[in-house]
Amino acid sequence: MNAALLQRLRKSLGERQGSSLRRKLVARAADDPRINLADNDYLGLARDPVVVEAGIAALRTWGASSSASPLVTGYTQLHQQLEQTLAAWQGYAHGLVLNTGFAANAAVLGGLPKAGDVVLADRLVHASMLEGIMASGARLRRFPHNDLDALELMLHEEPALEGVIFVVTESVYSMDGDGPDLRRLSSLRQRFGFCWVLDEAHATGWYGETGSGMQEHQGVLAAADIVVGTLGKGLGSQGAYVLSHASEVRDALVNFAGEFVYSTYLAPVNAATALAAIGRIRELVEERPRLQAMSVEWRDALCAADFAVPAGDSPIIPLILGDSDVTLRYAETLRSSGFMVSAIRPPTVPVRTGRIRISLRRGLEASALPSFLSVLKGISR
Ligand SMILES: Cc1ncc(COP(=O)(O)O)c(C=O)c1O
């Protein structure tokens, strides 16, 4: 290995050593008995029998791989059925499936904004969105988290442009479990005419009468111009999608997005399991309010135990502990006490906001909360 490169790698890794920020991969066992409060399978569909059977059937029909990029032969009738189902479910005319949510955000925000455009993004948007925006050449301005007054002020401040103004938000933020008022965003969009890109990654399945997400839940179905979602969280599968009202958005991604054009396409089995998961999610109408109530119950109990957690009803509860060392200590104790949790530290979250990101799921036993609390209380702060 080239000596200069090795030295450079060792230096940057050394900066993380000793600062509680160094990441290590831990291989999970299939039969790990711990209570999982870490992954994003909020509806427990990754192991749902109907979903798994759909996957097995697709493996038999289509094999293990798409075997090519989508413009060659990778795009199958299953992918087409999935994109049409997703679009109809969420109120859009057009959909396109991509390999990951990261790729979908990077493709949309790296490809649609151009030099001369402005992107106004919430300060906490996901790394994949920032990656796209930075590559796009557009000017980036960030508004304080969920502060739509600040966004409105920025919209007033922006001089008349030749180009396009994009507004970029999530509906449930991945590390905070909160989100903006989508009704107000929708009315700002009507007043100012910007292009609104909304990431619904963490809302799908948990919110909305039919489970299609936060736009449905807040009564503004399909208000955003472009929705990015992932199949890898509430849908219990793998992959992602982009929805839009204009066919040109889909066509532009099909023609110009390297993430789509130059990569072996998502395996058909993932499209099949996502399709089955959508069917299951639609059936969970009565369970959804109960899931949201579970989130409120966990938050109330954590607050009563003197842990500062924000109000809300999403599946993501940030237990903010501040210091990275303290966060690691909590995570290690919880892990050795039967809970699968992860310590979220900078740069994933802002400095001094290290946290345990509790992620709830359908099927979590009622006894999980008191035992989680008793482990927490046993850790000296
Ligand atoms: C808000 C948000 N968008 C997109 C992604 C990326 O999705 P995927 O895991 O499918 O790459 C994530 C994943 O963590 C996310 O939290």
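**Exercises: two sheets and a ligand shell**

Strand 3 (residues 118-122) and strand 4 run parallel, joined by five bridges. Before you start: this is a predicted model, where local features need pLDDT of at least 70 and side-chain atom pairs count only at pLDDT 80 or more, while totals for chains, interfaces and linings use all residues. Residues are numbered from 1 along each chain as its sequence is written, and side-chain values use heavy atoms, with hydrogens and water left out.

**Exercise 1.** Work out the strand order of the seven-stranded sheet and find its edges.

*Solution.*
- Get the vocabulary straight: strands (E, at least two residues) and helices (H or I, at least four) are DSSP runs numbered from the N terminus, and two strands pair if DSSP finds at least two bridges between them.
- Trace the order: the sheet is open and reads 2-8-7-6-5-3-4, with mixed pairing.
- Now the edges: strand 2 (94-98) and strand 4 (139-143) each have a single partner strand, so one side of each has no neighbour in the sheet.
- For a spot check on the pairing with strand 4, look at L120, which stands opposite R141.
- Then add helix 4 (residues 77-90), which packs on the sheet and touches strand 2, strand 7 (226-230) and strand 8 (240-244), its direction making about 130 degrees with that of strand 2. Contact here means heavy atoms within 4.5 Å; axes are lines fitted to C-alpha atoms, for helices over the stretch in contact, and angles run from 0 to 180 degrees between N-to-C directions.
- Finish with helix 10 (residues 247-256): it lies across strand 2, strand 7 and strand 8, at about 25 degrees to strand 2.

**Exercise 2.** Do the same for the three-stranded sheet.

*Solution.*
- The order is 9-12-11 in an open sheet, and the pairing is antiparallel.
- Strand 9 (316-322) and strand 11 (343-344) take the edges, each with a single partner strand.
- Two bridges hold strand 11 to strand 12 (residues 354-359), and I344 stands opposite R355 in strand 12.
- Helix 13 (residues 287-304) packs on this sheet, touching strand 9 and strand 12, at about 20 degrees to strand 9.

**Exercise 3.** Describe what surrounds the ligand.

*Solution.*
- Count the shell (residues with a heavy atom within 4 Å): 13 residues, with G101, D199, H202, T230 and K233 the closest.
- Look at polar atoms: a ligand oxygen sits 2.7 Å from a polar backbone atom of G101, and a ligand nitrogen is 2.6 Å from a side-chain N or O atom of D199.
- Ask which helix gives the most to the shell: helix 5 (residues 101-111), with three residues.

Technical notes. Polar contact = N/O pair within 3.5 Å; in protein donor to acceptor, adjacent residues only side chain to side chain.
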